[in-house]
Amino acid sequence: MSQTSVEFKVDANDSSPLYMQIARKLSDDVLNGRYQVDQALPSERTLSELLSVSRVTARKAIDQLVDQGLVVRRRGSGNYIAPRIEQPLSNLTSFSEQLQLRGHIPGSRWLKRAIVAPTPDEQLSLGLSPYSKVARLERLRLADEVVMAYEVSVLPQTVLNDPKAVGNSLYQYLNSINKAPARALQHIRAMNAPAELAQRLGVPEGQALLYITRIAYLDSGEAMELTHSYCHSDHYDFVAEMRRAT
């Protein structure tokens with residue numbers, strides 16, 4: 001994979017550390033599309049030579065990009081631009097479908113798949129009776145082996161009786177048993193990662209995340225899925241088409 005040269009000039013009016021200035025420049029280049037997904041960044045040695053800085057400074061600059069989720073390190077290979085998902089808000093698609101459309105390989109690292117009693121909030125959101133059971137799925141969502149999100153999905157046991165039968169794609173499995181969702185309501189907001197969640201996602205405590213809540217419904221109008229997703233904000237772009245009311 002090709003590398004792109006880096007152009008950088010020290011800003012005499014910027015009092016921030018040199019590694020921070022370099023990190024901001026590289027971050028801007030990534031976000032502006034100068035680097036493509038899965039493209040290799042210059043190595044620490046190459047970066048230090050190109051910019052006439054120490055390797056320690058170059059390493060700290062790249063560390064900043066890794067902490068932001070813009071770059072992933074691959075042992076023995078180098079530093080690469082992390083995957084990014086552009087998700088239209090008007091289409092009901094799964095995480096796996098979005099990745100496959102963009103040529104990435106979806107994956108899941110399962111943390112829990114079990115039939116349990118719902119919490120009061122889950123019972124209310126899904127309209128369940130007091131003694132109902134739910135399937136709880138907890139996992140890390142991966143794109144090309146990169147952790148993108150921590151996700152908890154809860155479905156009535158009447159919809160999903162065997163949670164361990166779900167592979168990488170929940171919606172693909174639901175479609176195979178004729179219980180795919182017909183529509184969904186989704187809420188998106190920002191949050192800062194608490195310690196336990198930060199550890200799961202491999203980010204610093206307090207880092208900004210996207211918190212997405214989705215309630216999906218069957219054709220009958222029955223609520224059939226409640227999912228909470230905690231996403232690396234740097235990996236996601238949400239796109240909405242808007243029209244003026246007439």
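**Note on strand pairing and salt bridges**

1. Strands β8 and β9 make up a hairpin in which five residues lie between the two strands, and within that turn glycine 221 has a positive phi of about 95 degrees. The model under discussion is a predicted one, and the remarks below should be read with that in mind.

2. The pairing within this hairpin is antiparallel, and β8, which covers residues 208–217, is joined to β9 over nine bridges. As one point of register that can be checked in the coordinates, isoleucine 215 stands opposite leucine 226 of β9.

3. Strand β9 also has a partner in β6 (residues 146–156), again in the antiparallel sense, with six bridges between β6 and β9. Here the register can be followed from serine 153, whose bridge partner in β9 is threonine 227. How many of the residues of β9 are buried? The count is 10 of the 10 residues in the run 223–232, so this strand is largely enclosed by the rest of the structure.

4. Turning to charged side chains, the count under the rule applied here comes to six salt bridges. One of these joins arginine 59 to glutamate 44, with an N to O distance of 3.1 Å. This pair links distant parts of the chain, given that arginine 59 belongs to helix α3 (residues 55–67) and glutamate 44 to helix α2 (residues 44–51), the two being 15 residues apart. Their surroundings can be stated separately: arginine 59 is partly exposed at a relative accessible area of 33%, whereas glutamate 44, at 15%, counts as buried because the cut-off for that class is under 20%.

5. A salt bridge within helix α2 involves glutamate 49 and arginine 45, whose closest N and O atoms are 3.5 Å apart. The two residues are four positions apart in that helix, which is about one turn, and both glutamate 49 and arginine 45 are exposed.

6. The side chains of glutamate 122 and arginine 136 also meet in a salt bridge, at 2.6 Å from N to O. Glutamate 122 sits in helix α5 (residues 120–126) and arginine 136 in strand β5 (residues 134–143), so the contact ties together parts that are 14 residues apart in sequence. Are these two partners buried or exposed? Glutamate 122 is buried, with a relative accessible area of 8%, and arginine 136 likewise counts as buried, at 10% relative accessibility.

7. Finally, Arg139, Arg141 and Glu151 are joined into one network by salt bridges that share partners.

Methods. Residues are numbered from 1 along each chain as its sequence is written. This is a predicted model: local features need pLDDT of at least 70, side-chain atom pairs count only at pLDDT 80 or more; totals for chains, interfaces and linings use all residues. Side-chain values use heavy atoms; hydrogens and water are left out. A salt bridge is a side-chain nitrogen of Lys or Arg within 4 Å of a carboxyl oxygen of Asp or Glu. Buried means under 20% relative accessible area, exposed over 50%, partly exposed in between (1.4 Å probe, protein chains only). Two strands pair if DSSP finds at least two bridges between them.
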